[in-house]
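Visitor: Before we begin, I should like to see the structure itself. I shall then ask how each description is justified.

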Amino acid sequence: MRHFFTLVRHEIRLLFIAPPTYVASVLFILLMGFIYWAILRSMTLVPQDTSAITQFFSLFWLPVFFTVPLLTMRSIAEEKNQATLQTLFSAPVPKYAIVLSKFFAAYLLYIILWVLTLYFPLITFNLLSDNLSNASLVNASEIIGSLIFISLSGILFIAIGIFTSSLTRSQLVAGMLCFTFLFIICIGGQQLEYATYNYFAQGSFFFEGIQYVNVIRHFEDFSLGILDTRPFVFYLSISILLLSLTVNMIDSEA
Amino acid sequence: MKSFQTSLIKAMDENISISVNNLSKNYGKVSAIKNADFQIKKGEIVGLLGPNGAGKSTTMRILGGLLRADSGSATVCGLSVADNSLAIKRKIGFMQENNPLPEDLRVMEYLKLRAELKEVDSKKLSTEVRRVMDLCDLFRTARRKIIRSLSKGFKQRVGIADALIGSPEIIILDEPTIGLDPHQIQGIRKLIDSLRGKYTVLISSHILSEIERNCDRVIIINHGRVVAMGTKPELSEEFIKENHLRLQVSGNIESLITRLKSAKEDYEIKEEQSEQNDYSTIVIKSTEALDISDYTEIVNQISHCQLKGINLIKPDLEAIFLAATKRSWEEIRIKS
């Protein structure tokens, strides 16, 4: 564990001196700010069934497509390219500690970025508290449910980023691979459900299976305050599998 | 008697830092190391020599716990490398070939990180980093510099400082002088000299003169096999069968050559007498021992022939290296 914390500090330092981190952060804040503003604007024009914060978090997949690749593409690909992984291996550090430290550093930054977006409803609440009801802007249960989902799905998304970064020496290729995997995970499940809607009976094994891998459906449950254990198993098991594969990948580098 | 033998074996084991027995490693069908056998004693500085692709780096990487051997065994400070890869990393400071360093960090930041990873006591961390920076002459000039901005020589110093952190028992330096200019090479040489007696050092290099000056013993690897091992006099005795004597003479050289021919001496004229040189250089080769006094007498017996200089030519490491690798190539050719 001693090495793990040392490496996490080192990885966070590396992330803060890497230009892609700042590009990802600025793009993330700008895009999410714009999305929140657009949701508020639409609420003033047409009555909405769902609150602003639920609509806001339901678009979680949009920033994921560029934030996760930008935060993770460098992590192992760059080390492989500069051969600095070999230098790390020469110290008495277990390989899983190297992978986990890279994962946690990127995950921490990812969560910080999402927590920063809570300023949007807070600012709006302070400015418009006379005009809008509290529940439509800041609903604690919806925020907590959405944040639990963001944190849980973030584990898988960052694990995908770390894994794809271990597949290549090129940051660019790692970023593109990560985007492709994330697109399949986020959009693929939903599209599969739409495509097979008429072929499988609701409640059947196949339909349940397809729903089980639909990330967007998971969000809908969480935002309603439904904490099902199955998504936890889904996200954590795949993340552990991907991180284990990453350890094997860097082991083969030695 | 038995207990005496046991204690003798134990004492011998304690005196050995690195022991390699029948070590082999293949990359697919290519054999990188074949049944390598050698031992390195505590406090020795040993040079690992060999042509490109001979298996030097592979051997070093196996000893450093970075690579697993296919067969055979290697022990470092009495610990099996295969079974204790993390434990042996605590006993070895390893500078790898091309010395890969994180370019974005400052020298001090990097060395502190390495000290933490090498489990240096947190209270002694700053003192230890300062010690290795002083040893490698980095503290005054480069401690705050970003590694990317350093010259090749300073980067090598950072790599060596990294290897020295935590005072490991063994230092492995893979090509520490590669790509350096003569001044930088001299600096690194002095640095390695300063390690004598404190650490067991294993160095690989292509610069034979560096190995010759720095190392107590040399191991020559060719085609994955250890083809020679020993001190320079031992190796020259094994591989250099001819003795060479250099005569510098002026005047009646023809008479001297006639005398050498009549005595059936094998000789070679290296430099002719010219306007620039007022003497000729003749190198006499013999498988027998050559005596300076005999040849001084021969020259003095010839009229109008003056002896300007006479000395035995000692074979350098390059000659030994070429002879050892040539012999191993010939053996491989015969086998195939």
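Visitor: How many salt bridges are there between chain A and chain B?

Guide: The model is a predicted one, and in it the count between chain A and chain B is two salt bridges.

Visitor: What makes the pairing of R9(A) with E116(B) a salt bridge?

Guide: The criterion asks for a side-chain nitrogen of Lys or Arg within 4 Å of a carboxyl oxygen of Asp or Glu. The N to O distance between the side chains of R9(A) and E116(B) is 2.9 Å, so the pair satisfies the 4 Å limit.

Visitor: What else describes the contact between chain A and chain B?

Guide: Chain A contributes 24 residues and chain B contributes 25 residues. About 2100 Å² is buried between the two chains, with 57% of that area coming from carbon and sulfur atoms.

Visitor: How many salt bridges are counted over all chains?

Guide: Over all chains the count is 20 salt bridges. One salt bridge joins D104(B) and R148(B), whose closest N and O atoms are 2.3 Å apart.

Visitor: Why is the pair D104(B) and R148(B) said to tie together parts that are apart in sequence?

Guide: D104(B) belongs to the loop between β6 (92–95) and α4 (107–117) of chain B, and R148(B) to the loop between α6 (139–142) and α7 (152–164) of chain B, so the parts they tie together are 44 residues apart in sequence.

Visitor: Why are α4(A) and α11(A) called roughly antiparallel?

Guide: The axes of α4 (residues 61–72) and α11 (residues 171–196) of chain A come within 9 Å and cross at roughly 150 degrees. Angles over 145 degrees count as roughly antiparallel, and the two helices are therefore described in that way. Their crossing is right-handed.

Visitor: Which residues make the contact of α4(A) with α11(A)?

Guide: Among them are W61(A), F65(A) and V68(A) of α4(A), together with F179(A), L182(A) and F183(A) of α11(A). By class, the contact has eleven nonpolar, two polar and no charged residues.

Visitor: What makes α11(B) oblique to α12(B)?

Guide: The axes of α11 (residues 253–262) and α12 (residues 292–301) of chain B come within 10 Å and cross at roughly 130 degrees. That angle lies outside the ranges for roughly parallel, perpendicular and antiparallel, so the term is oblique. The crossing is right-handed.

Visitor: Which residues of α11(B) and α12(B) meet?

Guide: L256(B), R259(B) and L260(B) of α11(B) meet Y295(B), I298(B), V299(B) and Q301(B) of α12(B). By class, this contact has five nonpolar, one polar and one charged residues.

Technical notes:
Residues numbered from 1 in each chain as written. Chains lettered and ligands numbered in written order. Predicted model: local features only at pLDDT ≥ 70, side-chain atom pairs only at ≥ 80, totals over all residues. Heavy atoms only, no water. Axes fitted to C-alpha atoms, helices over the stretch in contact; angles between N-to-C directions. Helix = DSSP H or I, 4+ residues; strand = E, 2+ residues; numbered from the N terminus. Parallel < 35°, antiparallel > 145°, perpendicular 65-115°, else oblique. Left-handed = near helix turned anticlockwise from the far one by under 90°. Contact = heavy atoms within 4.5 Å. Nonpolar A, V, L, I, M, F, W, Y, C, P; charged D, E, K, R; others polar. Buried area = accessible area lost by both parts, 1.4 Å probe.
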